[in-house]
Amino acid sequence: MKIEQIEAAYARIAGRIVETPVLRSPFLDEIAGRRVHVKAECLQGTGSFKLRGATSALTALDAETRARGVLAYSSGNHAQGVALAAQRLGVPAVIIMPDDAPALKIANTRALGAEVVLYDRVGGQSREALGRQLSEARGLTLVKPYDDRQVIAGQGTVGLELARQLPDGLEADVLVCCGGGGLTSGIALALEAHRPQLRVRPVEPDGFDDVTRSLRSGTREENAALSGSICDAIVTPSPGELTFPIMHRLCGAGLTVSDSEALRAVAQAALRLKLVAEPGGAVALAAALWRCDEIEGDDVVVVITGGNADPATLTRALATLEE
């Protein structure tokens with residue numbers, strides 16, 4: 001992929017997405033021992049960066065293809081992104097979601113007008129196989145959650161904004177919550193072109209560190225399980241076929257955090273930044289705050305990627321402030 005694809009995606013979607021702010025807090029700086037710059041993609045439409053890639057993919061389709069409808073599979077955030085992008089463009093949308101996805105994400109996807117089809121993720125049912133079946137039967141175009149060039153291009157627009165928003169001359173690691181790698185690879189491509197002194201590093205939950213292990217080994221590794229973390233938004237089988245070569249070429253070493261650290265980061269985002277973050281969207285902030293010895297320099301950049309946490313999770317996270 002080339003930077004021109006990301007810039008073309010931004011030209012198509014700029015009026016349909018929010019340019020999210022980069023925020024600072026002296027309290028977070030103190031915990032991290034360095035300046036922390038937080039890109040708040042939890043303030044994006046549908047509450048996550050996924051609206052960027054979905055809008056990029058749908059606006060790249062011709063009118064006849066859009067009219068037949070689109071199909072997506074997701075644990076929630078990509079689902080909502082595709083659903084809203086489709087609603088805005090008048091495109092029929094079918095979303096395949098795991099039956100153990102948070103109820104709020106399933107309800108929100110339906111509320112945005114999409115047809116939701118549930119599958120048994122824990123039992124090993126293949127969402128890809130179900131997707132192929134529905135796509136062939138109904139003539140739907142599949143919009144993959146990360147392994148799609150137009151999706152990667154859309155997610156990469158976060159990197160274009162960071163290149164403009166961050167102080168000139170800043171040298172820092174850019175920590176990105178990582179599942180299949182669409183956002184991580186897209187940001188890395190954008191920064192390679194516009195701010196090469198910024199190094200992207202993926203962050204994952206403990207036990208679901210397929211990207212971290214893949215970067216270390218040089219080959220695509222798989223997770224042994226597909227559930228069992230509170231960070232459901234970024235639990236994926238393995239890095240994408242398209243995303244991994246980009247990450248392998250451009251990214252620094254991966255970082256991992258525990259579920260409890262992710263919850264503590266959710267609480268700190270609420271307390272210090274007045275942001276609602278979900279655990280999977282807060283692992284990068286957790287790494288900035290509690291993996292200080294694995295990060296170099298006086299600054300660190302963090303992308304909070306999503307804020308679709310249900311009330312029970314937020315209550316559990318805020319309770320950590322009293323521990």
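Over the ring of which residue does the charged end of Arg-264 sit? In this predicted model, the ring belongs to Trp-290, and the charged end of Arg-264 lies 4.0 Å from its centre. Arg-272 gives another case to look at: its charged end sits over the ring of Phe-27, 4.0 Å from the ring's centre. If you go hunting for rings paired with other rings, though, you'll come up empty, since the search of the whole structure finds 0 aromatic pairs.

Now scroll along to helix α11, which covers residues 210-217. Asp-210, Val-211, Thr-212, Ser-214 and Leu-215 are buried there. What do those buried residues pack against? Their partners are β8 (198-205), α12 (243-250) and β9 (255-257). Just past the end of α11 you'll meet Gly-218, which takes a positive phi of about 85°.

Next, the empty space inside. Rolling a probe the size of a water molecule over the atoms shows where such space is left. Here the count comes to 1 cavity of 30 Å³ or more, and the volume of the largest cavity is about 320 Å³. Its lining takes in 28 residues, and the closest to the centre are Lys-50, Gly-179, Ala-233, Ile-234 and Thr-236. Two or more lining residues come from each of α5 (77-89) and α10 (182-194), with α10 giving the largest share, 3 residues. And what kind of residues make up that lining, by class? Sorted that way, the lining of the largest cavity has 14 polar, 10 nonpolar and 4 charged residues.

How values were computed. Residues are numbered from 1 along each chain as its sequence is written. This is a predicted model: local features need pLDDT of at least 70, side-chain atom pairs count only at pLDDT 80 or more; totals for chains, interfaces and linings use all residues. Side-chain values use heavy atoms; hydrogens and water are left out. Rings of Phe, Tyr and Trp (its six-membered ring) pair if their centres lie within 6.5 Å; planes under 30 degrees apart count as stacked, over 60 as edge-to-face and the rest as tilted. A charge sits over a ring if NZ of Lys or CZ of Arg is within 6 Å of the ring centre and within 35 degrees of the ring normal. Buried means under 20% relative accessible area, exposed over 50%, partly exposed in between (1.4 Å probe, protein chains only). Helices (H or I, at least four residues) and strands (E, at least two) are DSSP runs, numbered from the N terminus. Contact means heavy atoms within 4.5 Å. On a 1 Å grid over the protein atoms alone, a cavity is a set of points where a 1.4 Å probe fits but cannot get out, and a pocket is an open set with protein on both sides within 12 Å along at least five of seven lines; lining residues have an atom within 4 Å of a point. Grid points are joined across faces, edges and corners, and a volume is the space filled by probe spheres set on the points. Ala, Val, Leu, Ile, Met, Phe, Trp, Tyr, Cys and Pro count as nonpolar, Asp, Glu, Lys and Arg as charged, and the others, Gly among them, as polar.
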